[in-house]
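Got the model open in your viewer? Here is a short tour, one selection after another.

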Amino acid sequence: MSLRFGYHLPVWGPAATRDTLLSLARHAEALGFDSVWASDHVVIPFEIRSRYPYNATGDFPLPPTTNFLEPLTALALVAGVTERLRLGTTVLVLPHRHPVLAAKMLATLDHLAPGRVILGAGVGWMREEIELLGAPYDQRGAWTDEAIEIMRACWRDERVSHRGRFFTFPEIGVAPKPARGTIPIWIGGHTPRALRRVAELGEGWHAAFATPDVMRRGLVELKAACAKAGRDPAGITLSVRLGLAAKRPASEVLDELKALRDVGVSHVIVETRVTSAEDMTQLLDRFATEVRVKL
């Protein structure tokens with residue numbers, strides 16, 4: 001099985017500018033990357049008590065004054081200067097947006113960039129942000145499950161109505177529809193509930209910064225969840241977001257990618273951990289010439 005590669009666009013910090021996004025998206029497409037991706041935060045509170053799950057300290061690494069671009073807006077920008085790249089979110093925190101609004105925004109993007117959108121979707125981790133935007137943090141998993149049901153109905157049905165635990169609305173029309181009738185949803189997270197959500201509601205599992213061992217252990221749980229849901233796990237796309245440090249040896253990266261491929265991962269989203277547009281371009285070039293060609 002061959003690996004497909006995506007590139008995480010710099011949607012925060014000093015590189016989060018129009019010129020940089022356009023340049024890097026064009027360059028990624030020219031290098032043969034399959035997709036570009038954007039992360040999601042609407043606000044960064046000045047006081048965060050929630051534990052950040054992706055580093056040892058638990059501290060969110062960005063100050064509140066950091067430019068952090070809205071992901072679907074950023075992807076719409078680069079869609080206009082690319083033709084082939086898939087456009088993904090890693091991840092869109094569903095409790096940040098009403099599901100009808102999110103469905104409309106995603107379908108519009110997929111209508112204008114036909115069939116190119118992948119919805120990486122998660123429940124989020126920051127209580128302060130989620131509650132500010134109106135969703136119940138402690139019920140965000142159930143809220144997200146219902147939101148996915150609503151979004152799929154918006155993409156599928158001419159007349160959409162819903163009566164549920166968190167949302168109730170009469171018949172509405174939501175158009176345009178996605179170019180291929182729906183948008184693939186890759187569920188983020190590593191918890192048992194996230195893996196059950198993959199089995200029950202997702203076309204893919206999108207794991208952030210997961211090692212081959214983490215993926216291997218998670219697949220045991222995912223296969224068990226698929227068995228309960230009556231689903232073949234072979235039909236689920238496996239993807240991983242991978243941090244790429246500037247000084248990490250190419251041989252080490254290559255070994256990790258081969259191990260991920262052996263586990264069954266088919267998509268890897270590369271996040272370059274440098275700050276300048278020039279360094280990002282150089283690291284992309286190195287990855288393409290020193291790593292990807294050897295897989």
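**Stop one: two cis peptides**

Start by selecting V91, which sits in the loop between β3 (86-89) and β4 (92-93). Keep in mind as you go that this is a predicted model. Now add T90 to the selection: the peptide bond joining T90 and V91 is cis, with omega at about -10 degrees. Most peptide bonds are trans.

Next, jump to P176, in the loop between β7 (168-172) and β8 (185-188). Here, too, look at the bond on the way in: from A175 to P176 the peptide is cis, and omega is near 10 degrees.

**Stop two: a positive phi**

Select F209, in the loop between β9 (204-208) and α7. Check its backbone: phi is positive, about 55 degrees, although F209 is not a glycine. Most residues other than glycine have a negative phi. Is F209 buried, exposed or partly exposed? Its relative accessible area is 27%, so F209 counts as partly exposed.

**Stop three: α7 alongside α8**

From there, select helix α7 (residues 212-229) and helix α8 (residues 250-263) together. Their axes come within 9 Å and cross at roughly 10 degrees. Angles under 35 degrees count as roughly parallel, so α7 is roughly parallel to α8.

Show side chains where they meet. On the α7 side you want P212, M215, R216 and L219; on the α8 side, E256, A259, L260 and V263. Colour them by type and you get 6 nonpolar residues, 2 charged and no polar ones in the contact of α7 with α8.

**Stop four: R197, an arginine indoors**

Move on to helix α6 (residues 192-201) and pick out R197. How accessible is R197? Its relative accessibility is 4%, and because the cut-off for buried is under 20%, R197 counts as buried.

What does the side chain of R197 reach? Draw a distance to the backbone oxygen of G141 and you should read 3.3 Å. Then bring up the surroundings: leaving aside neighbours within four places in sequence, R197 is in contact with V123, G141, T144, D145, I148, I187 and G202.

**Last stop: the cysteines**

Finish with C154 and C226. C154 is buried, at 1% relative accessibility, and C226 is buried as well, at 0%. How many disulfides are there to draw? With a disulfide taken as a pair of cysteine sulfur atoms within 2.5 Å, the count comes to 0.

Technical notes. Residues are numbered from 1 along each chain as its sequence is written. This is a predicted model: local features need pLDDT of at least 70, side-chain atom pairs count only at pLDDT 80 or more; totals for chains, interfaces and linings use all residues. Side-chain values use heavy atoms; hydrogens and water are left out. Helices (H or I, at least four residues) and strands (E, at least two) are DSSP runs, numbered from the N terminus. Buried means under 20% relative accessible area, exposed over 50%, partly exposed in between (1.4 Å probe, protein chains only). A polar contact is a pair of N or O atoms within 3.5 Å; within protein, one must be able to donate a hydrogen and the other to accept it, and residues adjacent in sequence count only if both atoms are side-chain atoms. Contact means heavy atoms within 4.5 Å. Axes are lines fitted to C-alpha atoms, for helices over the stretch in contact, and angles run from 0 to 180 degrees between N-to-C directions. Angles under 35 degrees count as roughly parallel, over 145 as roughly antiparallel, 65 to 115 as roughly perpendicular and the rest as oblique. Ala, Val, Leu, Ile, Met, Phe, Trp, Tyr, Cys and Pro count as nonpolar, Asp, Glu, Lys and Arg as charged, and the others, Gly among them, as polar.
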